[in-house]
Amino acid sequence: MTNEHHNEPYTNEDHQVLRALDALGESNRSAPDDGFEHRLMDALTPALAPIPIPIESAPKPFSWIPVAAVAACMVLVTAAAVIFAPTSAQTGQPNANQTLVALEEDLSAFEELASLSDSLDLSIAELDFLTETMDTELTHPSVFVEFNANPSTSGSL
Amino acid sequence: MSGNEPQSSISDEALTRVVRDAADGSESAWRELTTLYGRRVFAMARSRVHDDDLAEEITQSVFVTVATKLTRDGYAEQGRFEPWLFRITMNRVRDEFRRRKRHAHSTDPSHLGDTLAVHDTPVDDHTPLEQSRLREALEQLNESDRTIIDLRHQGQMSFKQISALLDEPVGTLLARHHRALKKLRTMLEPQESTQDDPGATS
């Protein structure tokens, strides 16, 4: 037998060393007792066990059923609200447009009142009386601002 | 080159199938792998640490690492299992030596000598060469020569597999193996003591 790479023949001494190395390897491989493989499998068991996923963090499978059910409920509720919603005439309550017109009318009345109080030098108490008479209230912010900004309108009787 | 073929050989295709089954968690596949490679890994470790318990501990650590990586990442590299397995083994042995050196330095310096000394293990007197002498000679080899000898004769790896593991050409490995053999042969040659040959002293 030769060393193929260098084409150098192995001597008897080389073969003796090779045999000794193989024998040493065999001695090492046969050193463990019969329970060696069993202990090795025991050591492997924890590494092979599947990692348990905590229940609370386990992902739930996606399903369209609850999504569709919620969407259907929302459509039904919306439709029912539109169909059965009472009209302004039924409730006697003003709708949004009516409320806006009323506020504009109130503002016009306040502006007239402010002009009047300015010319007549009316006090707040007198204005209160007048507004109650006009069935309005001194609650509009612009009116307060205008009255507070003009001392002539806050004089006393 | 020598009669150093693995006792439990397996074809590449069969090995790929077994490793893939092992990656899927098959217990029977793991039994086959431990039967095929457990003692070869043990022999690699034992030849370096000279301690049966420690060698078995290293072997278990190597297989746990392999199992963890295989079951987590799967197996895709056909024909690379053995070089990978024995690379992990070599790294574990080196880790153990580093750990023991640190321990020896940090505790009792007198332990350092024991750490690196050759511990006699039972010797098979039927072998042509006395194994204790062979172990001592192996300790005198440099690291690269020793690695090739161990992978070849303890791990029973082919030169092709060693080439894949060490990333070196097969021809280079053959030459280094042959050189290592010659060094061992020189170290193991019967020492012609000067006391036995009075004429040599004159």
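Let's start where H2(A) meets H2(B). From H2(A) come Phe36(A), Glu37(A), Leu40(A), Met41(A), Leu44(A) and Leu48(A). Facing them in H2(B) are Glu27(B), Trp30(B), Arg31(B), Thr34(B), Thr35(B), Gly38(B), Arg39(B) and Phe42(B). By class, that contact holds seven nonpolar, three polar and four charged residues. Keep in mind that this is a predicted model.

Now the geometry. H2 of chain A covers residues 36-48, and H2 of chain B covers residues 27-49. Their axes are 10 Å apart, and the packing angle is about 125 degrees. That makes H2(A) oblique to H2(B), because the angle lies outside the 65 to 115 degrees of a roughly perpendicular pair and is not over 145. The crossing of H2(A) and H2(B) is right-handed.

Next, aromatics. How many aromatic pairs turn up over all chains? A search of the whole structure gives three. One of them joins Phe36(A) and Phe42(B). The ring centres are 5.5 Å apart, with 75 degrees between the planes. That is an edge-to-face pair, since the planes are over 60 degrees apart. This pair crosses between chains, from helix H2 of chain A to helix H2 of chain B.

Stay on H2 of chain B for one more residue. Arg39(B) sits in that helix. What does Arg39(B) touch, leaving out residues up to four places away in sequence? In chain A, Arg39(B) touches Arg29(A), Ser30(A), Pro32(A), Asp33(A), Asp34(A), Phe36(A) and Glu37(A). In chain B, Arg39(B) touches Thr34(B). Also, Arg39(B) and Glu56(B) are 17 residues apart along the chain, and their C-alpha atoms are separated by 9.1 Å.

Second helix pair between the chains. H1 of chain A, residues 12-29, crosses H6 of chain B, residues 131-140. Their axes come within 10 Å, and the angle is roughly 100 degrees. H1(A) and H6(B) are therefore roughly perpendicular. H1(A) supplies Ala20(A), Leu21(A), Ala23(A), Leu24(A) and Ser27(A). H6(B) supplies Gln131(B), Leu134(B), Arg135(B) and Leu138(B). The classes here are six nonpolar, two polar and one charged.

Now a pair inside chain B. H8, residues 159-166, packs on H9, residues 170-188. The angle is about 105 degrees, and the axes are 9 Å apart. So H8(B) is roughly perpendicular to H9(B). On the H8(B) side we have Phe159(B), Lys160(B), Ile162(B), Ser163(B) and Leu166(B). On the H9(B) side, Val170(B), Leu173(B), Leu174(B) and His177(B). This contact of H8(B) with H9(B) has six nonpolar, two polar and one charged residue.

Finally, confidence. The predictor gives the complex an ipTM of 0.76 and a pTM of 0.60. Chain B averages a pLDDT of 80, with 75% of residues scoring at least 70. Two stretches of chain B fall under 50, namely residues 107-126 and residues 194-202. Residues 107-126 have 30 contacts beyond four places in sequence. Residues 194-202 have one contact beyond near neighbours.

Chain A has a mean pLDDT of 70, and 45% of its residues reach 70 or more. Which element of chain A has the highest mean pLDDT, and which the lowest? H2(A) is highest at 90, and H7(A), residues 141-149, is lowest at 49. In chain A, residues 141-147 are below 50, with eleven contacts beyond near neighbours in sequence. Residues 153-157 of chain A are below 50 too, with ten such contacts. Where pLDDT is low, predicted coordinates should not be read in detail.

Technical notes:
Residues numbered from 1 in each chain as written. Chains lettered and ligands numbered in written order. Predicted model: local features only at pLDDT ≥ 70, side-chain atom pairs only at ≥ 80, totals over all residues. Heavy atoms only, no water. Axes fitted to C-alpha atoms, helices over the stretch in contact; angles between N-to-C directions. Helix = DSSP H or I, 4+ residues; strand = E, 2+ residues; numbered from the N terminus. Parallel < 35°, antiparallel > 145°, perpendicular 65-115°, else oblique. Left-handed = near helix turned anticlockwise from the far one by under 90°. Contact = heavy atoms within 4.5 Å. Nonpolar A, V, L, I, M, F, W, Y, C, P; charged D, E, K, R; others polar. pLDDT = per-residue confidence, 0-100. Phe/Tyr/Trp six-rings, centres within 6.5 Å; stacked < 30°, edge-to-face > 60°.
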